[in-house]
Amino acid sequence: MKADVATRERIKAPELREPLLELAGVTKSFPTVVANADVSLTVHPGEIHAILGENGAGKSTLMKMIYGVLTPDAGKIRWRGEDVSIRNPAHARSLGIGMVFQHFSLLETLTVGENISLATRDTAARLAPRIVEIGERFGLPVDPRSLVHSLSVGQRQRAEIIRCLLQEPALIIMDEPTSVLPPNGIPPLFATLRKLAAEGCAILFISHKLEEIRALCHTATVMRAGRVVAKVDPSNESNETLARLMIGHDLPRSHRTAPHPGDRPAMELRNLNHQPEDPFGTRLKEIDLPLYPGEIVGIAGVSGNGQRELAAILSGETVLPALERAALVIDGNPCGDVDAGARRKLGLAFVPEERNGRGAVPEMSLTKNVLLTAHRLGMVRRGMIAFDSARAFAEKCIKEMDVRCGGSDAEAQSLSGGNLQKFIIGREIRLKPKIMIASQPTWGVDVGAAASIRQQLIDLRDQGTAILVISDELEELLEMADRVHVLFRGRLSPPIARSEASTGLVGSYMTGDFLSAESSRKAVLA
Amino acid sequence: MQTITFVLAGTMLAATPLLIAALGELIAEKSGILNLSVEGMMALGAAIGFIVVMETGSYWLAFLAGGLVSTLLAALFGAVVLLALGNQVATGLAVGILGVGLAALIGKPYESKTVPPMPRMPIPFLSDIPVIGPGLFNHVVLVYLAPLAALGLWWLFRYSKLGLIIRAVGESPEASHAIGHNVMLVRLLAVLAGGFLAGVAGAFISVASTTLWSDGMIAGRGWIVVALVVFGTWRVGRVMIGAYLFGIASIAELLVQSTGIGVPSQLLTSIPYVATIVAIALLSMDGRRIRLNAPVSLGRVYREAQ
């Protein structure tokens with residue numbers, strides 16, 4: 001600690017305003033891919049430095065090397081002017097490098113204080129006043145005694161940032177910190193980060209959201225396919241120029257026509273109440289949701305507000321008890337107690353958020369993965385698998401969806417997340433479903449592929465399929481959906497029509513504003 | 001009256017080794033390692049402990065030696081599972097069989113011999129209480145130490161930093177590594193602690209409760225230990241209840257036998273096993289509770305990123 005205090009004072013001295021962190025020629029390869037090739041980077045104290053790139057561009061690998069989780073194959077890392085090889089995260093932290101993870105490294109069954117104490121020498125009880133003090137200083141209110149699983153995602157992030165700040169780091173790495181926040185949670189986070197930078201702390205801000213980088217960062221290093229392609233001042237750039245640097249070409253524009261929804265819902269939830277098995281799950285309360293053929297309904301909300309539970313109920317992974325079967329209606333028939341396989345027979349297709357393990361079997365070839373859901377299309381005859389037609393299906397899917405892979409015999413796990421997702425979406429679309437449930441369809445998919453997946457779903461809608469998209473990405477829903485609902489603490493908001501949907505309105509629903517509006521309306525009716 | 005005293009005394013004696021070994025297994029499982037070789041570790045501890053008493057006459061040395069030798073066996077298990085990233089179930093079974101075999105080999109010359117029972121340490125005043133006094137408070141020291149150890153372990157997991165770290169490692173090795181803990185080291189120490197306690201428990205059986213050595217004398221109690229931890233939903237209190245339940249059930253078996261009812265003895269011998277599992281299974285019917293307490297990464301191979 002003493003050393004850190006000393007360095008903090010040194011930072012203020014102008015003659016030491018030289019680079020805090022320098023990377024030169026850093027390279028890292030994995031068995032199938034070169035994740036980072038000859039990457040160079042310089043970060044100064046007090047600088048908010050953006051690392052901008054698509055998913056798979058090598059941002060995370062680079063950060064993991066700085067934080068000591070991975071070791072580079074080649075290249076140099078210089079910290080405060082001296083060559084270092086960072087052995088592990090503990091070493092990185094002793095140097096003064098902290099990291100706030102995208103998928104939090106907090107343990108759900110412990111309190112905030114206990115979680116933070118795990119990373120320090122102190123006990124939770126002795127840390128509590130310091131947690132509160134740092135929370136007040138940087139605008140990060142969180143109660144050290146509350147259990148992590150009871151916290152919202154934003155509160156968890158605050159706890160994680162406080163844990164990082166307790167080490168008094170000179171550099172903080174933030175991995176996509178805004179992707180888990182509701183729109184109104186972003187300005188306070190930015191205020192905290194600016195305050196930190198003003199005190200001399202450098203911040204590496206990883207993101208693919210262009211607006212945010214332009215609003216917050218002093219410098220941006222743009223990465224594409226493992227290489228640094230540009231270093232720019234983001235305030236001098238526009239979204240378009242940054243996007244072009246990031247993906248190498250202009251963004252494709254989606255084209256959509258007005259929807260023509262049918263009159264009778266293809267699927268409907270009627271006053272659904274559900275308490276999940278998982279003790280950390282969200283209880284769903286009084287959900288009414290009709291889904292008409294030929295429309296796309298978007299479910300927005302900060303993750304952890306019941307999205308997972310809702311998707312499981314719609315897909316049939318969670319089967320309702322027979323008494324409550326009427327809560328879910330498919331094509332006019334109560335189907336709540338019908339299992340996932342039988343629902344697929346009724347024309348339902350489902351794209352889960354996890355690709356490997358739920359959407360596809362990682363160890364099986366793409367051809368065999370086709371059989372998992374498409375076996376009804378004549379690929380099984382008298383109990384025997386017709387591999388020819390399965391392979392033809394897989395190859396068609398690969399070609400039409402532009403899936404980059406080693407052919408139809410490639411194992412699912414050999415594909416990158418985005419490519420596998422394209423394959424899975426393609427497979428489900430080709431089942432010609434009447435109802436399509438897609439959970440986080442473009443999560444972790446690069447911008448270009450995401451655009452093509454959205455277009456495919458819009459085209460499917462125009463063929464008369466009822467589509468429900470659950471997504472954390474608000475922009476995605478505003479682009480695709482004909483109406484948007486918001487899930488907040490297991491409750492579903494009233495619909496917002498496409499014409500009225502704006503970031504502001506949906507954002508206010510994401511923090512539960514619709515609940516008070518609803519209760520006051522009920523009071524008036526009473 | 002005498003029956004009650006007999007039941008109490010027998011329960012304590014039968015439950016103590018189970019509780020000791022189960023606490024060890026609980027430490028290992030809380031850190032995320034499923035150690036299925038408890039049976040072998042107890043057998044080895046029993047053999048070594050018995051030999052040490054035969055040769056030196058020191059009971060404390062017997063517990064120490066039994067514990068240390070089982071710790072070595074646990075080190076072998078730990079090396080395969082943690083360093084060679086072996087499958088925990090397969091490795092546990094193999095090391096367990098090795099332990100049982102080694103015990104039989106080492107104990108061969110001592111087969112069916114007996115040692116004088118370990119001297120008891122009656123607790124002043126308490127042991128003079130009629131009926132329950134002699135049943136509960138006139139035992140060898142370990143019988144009193146075991147529940148105290150359980151209390152200590154409960155405190156450790158609930159209030160101490162070390163307990164927090166063990167839980168964190170078992171919950172999410174990736175996150176623990178990321179915040180700077182040495183996952184391998186914590187897990188190895190947890191496995192070694194588990195091995196030591198299993199060895200002590202084995203030695204307790206051969207030198208304090210049965211006072212004889214014969215091949216196969218652990219008789220599946222190592223497996224009961226594993227079941228106790230799982231059905232006790234990884235909570236010290238429930239594991240302890242389970243251990244004493246097993247103790248009562250094994251005495252019930254003797255009582256029924258002594259009444260002379262014409263039930264095959266094999267059936268009676270199975271009572272404690274069946275009763276314990278049924279009782280604890282009923283205790284742990286709540287799936288939510290299991291999810292709250294089960295170490296998330298239990299049994300999963302964890303490999304540090306390179």
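Colleague: What is the mean pLDDT of chain B, and how should I read low values?

Modeller: Where pLDDT is low, the predicted coordinates should not be read in detail. This model is predicted. Chain B has a mean pLDDT of 90. In that chain, 98% of residues reach 70 or more. The model scores ipTM 0.70 and pTM 0.75.

Colleague: How many salt bridges does the structure hold?

Modeller: Side chains of opposite charge can pair when their charged atoms come close. Over all chains, the structure holds 27 salt bridges. One of them joins A:Glu286 and A:Arg491, at 3.8 Å from N to O.

Colleague: Which parts of chain A does the pair A:Glu286 and A:Arg491 tie together?

Modeller: A:Glu286 lies in strand 12 and A:Arg491 in strand 22, so the pair ties together parts 205 residues apart in sequence. A:Glu286 is partly exposed, at 42% relative accessibility. A:Arg491 is partly exposed too, at 27%.

Colleague: Is A:Arg461, which pairs with A:Asp462, buried or exposed?

Modeller: Buried means under 20% relative accessible area. A:Arg461 has 1%, so it counts as buried. Its partner A:Asp462 is partly exposed, at 44%. Their side chains meet at 3.0 Å, N to O.

Colleague: Which residues are linked in a network of salt bridges?

Modeller: A:Glu22, A:Lys76, A:Arg78 and A:Asp83 are linked that way.

Colleague: Where is A:Met246, and what is it in contact with?

Modeller: A:Met246 sits in helix 9 of chain A, residues 239-247. At 3% relative accessibility, A:Met246 is buried. Beyond its neighbours within four places in sequence, its contacts include A:Leu52, A:His208, A:Val222 and A:Val447. A:His208 is 38 residues from A:Met246 in sequence, yet their C-alpha atoms are 8.6 Å apart.

Note on methods:
Residues numbered from 1 in each chain as written. Chains lettered and ligands numbered in written order. Predicted model: local features only at pLDDT ≥ 70, side-chain atom pairs only at ≥ 80, totals over all residues. Heavy atoms only, no water. Helix = DSSP H or I, 4+ residues; strand = E, 2+ residues; numbered from the N terminus. Buried < 20%, exposed > 50% of the residue type's maximum accessible area, 1.4 Å probe, protein only. Contact = heavy atoms within 4.5 Å. pLDDT = per-residue confidence, 0-100. Salt bridge = Lys/Arg side-chain N within 4 Å of Asp/Glu carboxyl O.
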